[in-house]
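Hi,

Here is the structure I said I would pass on. Have a look at it first, and my notes follow underneath.

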Amino acid sequence: MAEHDSDRGDREPDEQKVPFDEEAAWRAIVAGYGQEPPDPPGSRPFRPVEDLALPEDVAEEPADGPAEPRPPARPLGSSVSFAPGVGPRDHRAPEPSEEDFDEDDEGHFVPPEPPALPETDATARFAWLGVVGGPILLLLAVVLGWQMTWWLNTLGIGGFLGGFATLVMRMRTDEDEDDDPGRGAVV
């Protein structure tokens, strides 16, 4: 390792023998501003958008112009129109019949009806009214340009905070159920 380091120390990096003329470089950049640089040798130029749908041999034309009239260009991609009510999104799977199932299959699953929503009392309704209605009242006052009086602020902010506190305090906890003493597996 030491032998390699000593060889590097003896040589100096190659220096540029020709001084760089920065002013000439800037003049060349400014003189070429707005001109498109030539294509590199061996590359094909980009085709215009109108010719993208055409095959390669039709799109390439000689430099002196087209020898014969160009066929009308097809639109890019394709557009398929379906009549209303007919199309890929209107497909419906056929209804399963009893012959579709083997003896191992249990048949088509039909979920049970969901349970009815629990009845709410007046306290819960007013709490939800405060939680939702308070911010809506304040937003309505700002949008309509009402004067923010003390009673409007009290209704908006107090209704939200009071409704939220009521809903949190009325939440059910798991401590009400004494049926499961250890919360573990019963053997």
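Let me start with one glycine: Gly-158 is found in helix α5. Keep in mind that this is a predicted model. With a relative accessibility of 38%, Gly-158 counts as partly exposed, since the buried label needs a value under 20% and the exposed label one over 50%. The helix also bends at this residue: α5 turns by about 25° at Gly-158. Across from α5, the C-alpha atom of Gly-158 is separated by 9.4 Å from that of Val-131, although their positions lie 27 residues apart along the chain.

Now the rest of α5. Does its length fit what you would expect for its 20 residues, or not? At 1.5 Å a residue they should span 28 Å, and the end C-alpha atoms are 27 Å apart, so the two agree. The buried residues in α5 are Leu-152, Gly-156, Gly-163 and Leu-167.

α5 also carries the aromatic contact. The structure holds one aromatic pair, formed by Phe-160 and Phe-164, which are stacked with 6.2 Å from centre to centre and 15° between the planes. Why do these two sit about one helical turn apart? Because they are four residues apart in helix α5, which covers residues 150–169. As a general point, an α-helix has 3.6 residues a turn, so residues three or four places apart point the same way. Both rings belong to partly exposed residues: Phe-160 has a relative accessible area of 32%, and Phe-164 has 47%.

Next, α4, where Val-131 is one of the buried residues. The others in that list are Ala-124, Ala-127, Gly-130, Gly-134, Leu-138 and Ala-141. Helix α4 takes in residues 122–144, and its 23 residues should span 33 Å at 1.5 Å a residue; the end C-alpha atoms are 30 Å apart, which agrees. There is a kink of about 35° in α4 at Gly-133, shortly before the proline Pro-135.

You may want the pocket too. The largest pocket has about 240 Å³ of space. Its lining consists of Pro-118, Glu-119, Thr-120, Asp-121, Ala-124, Trp-128, Leu-167, Arg-170, Met-171 and Arg-172. By class, that makes five nonpolar, one polar and four charged residues. Two names in the lining have come up already: Ala-124, buried in α4, and Leu-167, buried in α5.

Finally, the whole chain. How many helices and strands are there? Five helices and zero strands, so to speak α-α-α-α-α when read from the N terminus on. Of the 187 residues in the chain, 8% are buried.

That is what I have for now. Shout if anything is unclear.

Cheers

Notes. Residues are numbered from 1 along each chain as its sequence is written. This is a predicted model: local features need pLDDT of at least 70, side-chain atom pairs count only at pLDDT 80 or more; totals for chains, interfaces and linings use all residues. Side-chain values use heavy atoms; hydrogens and water are left out. On a 1 Å grid over the protein atoms alone, a cavity is a set of points where a 1.4 Å probe fits but cannot get out, and a pocket is an open set with protein on both sides within 12 Å along at least five of seven lines; lining residues have an atom within 4 Å of a point. Grid points are joined across faces, edges and corners, and a volume is the space filled by probe spheres set on the points. Ala, Val, Leu, Ile, Met, Phe, Trp, Tyr, Cys and Pro count as nonpolar, Asp, Glu, Lys and Arg as charged, and the others, Gly among them, as polar. Rings of Phe, Tyr and Trp (its six-membered ring) pair if their centres lie within 6.5 Å; planes under 30 degrees apart count as stacked, over 60 as edge-to-face and the rest as tilted. Buried means under 20% relative accessible area, exposed over 50%, partly exposed in between (1.4 Å probe, protein chains only). The expected span of a helix is 1.5 Å times one less than its number of residues. The bend at a residue is the angle between axes fitted to the seven residues ending there and the seven starting there.
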